[in-house]
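Q: I have a model open and want to learn how to read its side-chain contacts and its strands. Where should we begin?

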Amino acid sequence: MKIIRVKDYEELSKHAANYIIEKVRKKPNMVLGLATGGTSEGTYQNMINDYKENHTSYKEITTFNLDEYIGLDGINKNSYRFFMDTHLFNHLDIDQTKTFVPRGNAKDPMAECNTYELLIKEHGGIELQLLGIGGNGHIGFNEPGSSFQSRTHLVELTDSTRRANARFFEKLEDVPTLAITMGIATIMESKEILLLASGEAKREAIKRLLEGKVSEDFPASILNKHSNVTIIADEAALSGLS
Ligand code: F6R
């Protein structure tokens, strides 16, 4: 794993955006895996700024998001589809029909999981997957205990994840209890992974990830077995390490 240490969230966001932009410029029809959440917001804003200034084109890009809440449709302000549209897609020249987010309101959520896996395969697999990390080591919505063999599936969200995400909702009770997420095996099939971590809240998770012990109790630990992972972390997230 390669670690890029940056000063703070602002620097992390610029660095991560530049990392992605460079890949997109090199391969304008690449397949990108994307994440939602507070950590990725700044990265997306920097990608938008670059699009306005330098006109990096996303016309041929295909994207697959990691996850979506069950029960929320794409116009619900708390859905991850809405997050992606408003924080990124609506501001680029990307073809919306090539932006995939699991459909949280699908009539048959299990079938939606299988369809999502097939779509990823049909597009030749994910070339660069952007990841955040949960305080408990979750990646996507793969909570501690998730099988390393898992493919896109339905998950029950843990209390800690629901509490962490409640900041985006009016109240905790509004946070859905179920979600669709790419599985760990799905994530591990991406050719390359870029994981972002910012702030003290991620310190323990980053420390544990870098300890190198691989266990299903700590989902992100599987990344130690991937051959092409880059972590961009700020000083606060790395402060537990020498
Ligand atoms: C979101 C996702 C999650 C987040 C993680 C960190 O699509 O898959 O795993 O990356 O919960 O979230 P933030 O960035 O809000 O701390």
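A: Begin with a charged network: Glu117, Arg151 and Glu189 are linked by salt bridges. Keep in mind that this is a predicted model.

Q: How far apart, N to O, are the side chains of Arg151 and Glu189 in their salt bridge?
A: The N to O distance is 2.9 Å. Next, place both ends on the chain. Arg151 sits in the loop between strand 6 (128-131) and strand 7 (153-156), and Glu189 in the loop between helix 6 (184-188) and strand 9 (192-197). The two are 38 residues apart, so this pair links distant parts of the chain.

Q: Is Arg151 buried or exposed?
A: Neither. Arg151 has 29% relative accessibility and counts as partly exposed, because that class runs between 20% and 50%.

Q: How many salt bridges are there in total?
A: The count comes to 12. Another one joins Glu60 and Lys98, at 3.9 Å from N to O. Glu60 belongs to the loop between helix 2 (38-54) and strand 3 (62-65), and Lys98 to the loop between helix 3 and strand 5 (99-100). This pair also links distant parts of the chain, 38 residues apart. Glu60 is partly exposed at 46% relative accessibility. Lys98 is partly exposed too, at 22%.

Q: Which residue forms a salt bridge with Asp85?
A: Arg81 does, with the closest N and O atoms 3.1 Å apart. Here the sequence spacing tells the story. Both residues lie in helix 3, four residues apart, about one turn of the helix. Now check burial. Asp85 has a relative accessible area of 15% and is buried. Arg81, at 17%, counts as buried as well.

Q: Let us turn to rings. How many aromatic pairs does the structure hold?
A: Six. For each pair, read the distance between centres, then the angle between planes. The rings of Tyr69 and Tyr80 have centres 4.8 Å apart and planes at 50 degrees, so the pair is tilted. Tyr69 lies in strand 4 (residues 67-69) and Tyr80 in helix 3 (residues 80-87), so the contact ties together parts 11 residues apart in sequence. Tyr69 is buried, at 1% relative accessible area. Tyr80 also counts as buried, at 11%.

Q: What is the geometry of the rings of Tyr69 and Phe169?
A: Their centres are 5.5 Å apart and their planes stand at 80 degrees, so this pair is edge-to-face. The pair links distant parts of the chain, 100 residues apart: Tyr69 in strand 4, Phe169 in the loop between helix 5 (159-165) and strand 8 (178-181). Both residues are buried.

Q: Which residues form one aromatic cluster?
A: Tyr69, Tyr80, Phe141 and Phe169.

Q: Now the strands. Which way do the side chains of strand 3 point?
A: Look for alternation. Thr62 and Phe64 point one way, Thr63 and Asn65 the other way, and all are buried.

Q: In which sense do strand 2 and strand 3 pair?
A: Parallel, over four bridges, with strand 2 covering residues 31-34. To fix the register, find a partner: Leu34 has Asn65 in strand 3. Then trace the connection. Strand 2, helix 2 and strand 3 make a right-handed β-α-β unit.

Q: Over how many bridges do strand 3 and strand 5 pair?
A: Two, again in the parallel sense. For the register, Phe64 stands opposite Phe100 in strand 5.

Terms used: Residues numbered from 1 in each chain as written. Predicted model: local features only at pLDDT ≥ 70, side-chain atom pairs only at ≥ 80, totals over all residues. Heavy atoms only, no water. Phe/Tyr/Trp six-rings, centres within 6.5 Å; stacked < 30°, edge-to-face > 60°. Buried < 20%, exposed > 50% of the residue type's maximum accessible area, 1.4 Å probe, protein only. Salt bridge = Lys/Arg side-chain N within 4 Å of Asp/Glu carboxyl O. Pairing = 2+ DSSP bridges. Right-handed = clockwise from strand over helix to strand, strands pointing away.
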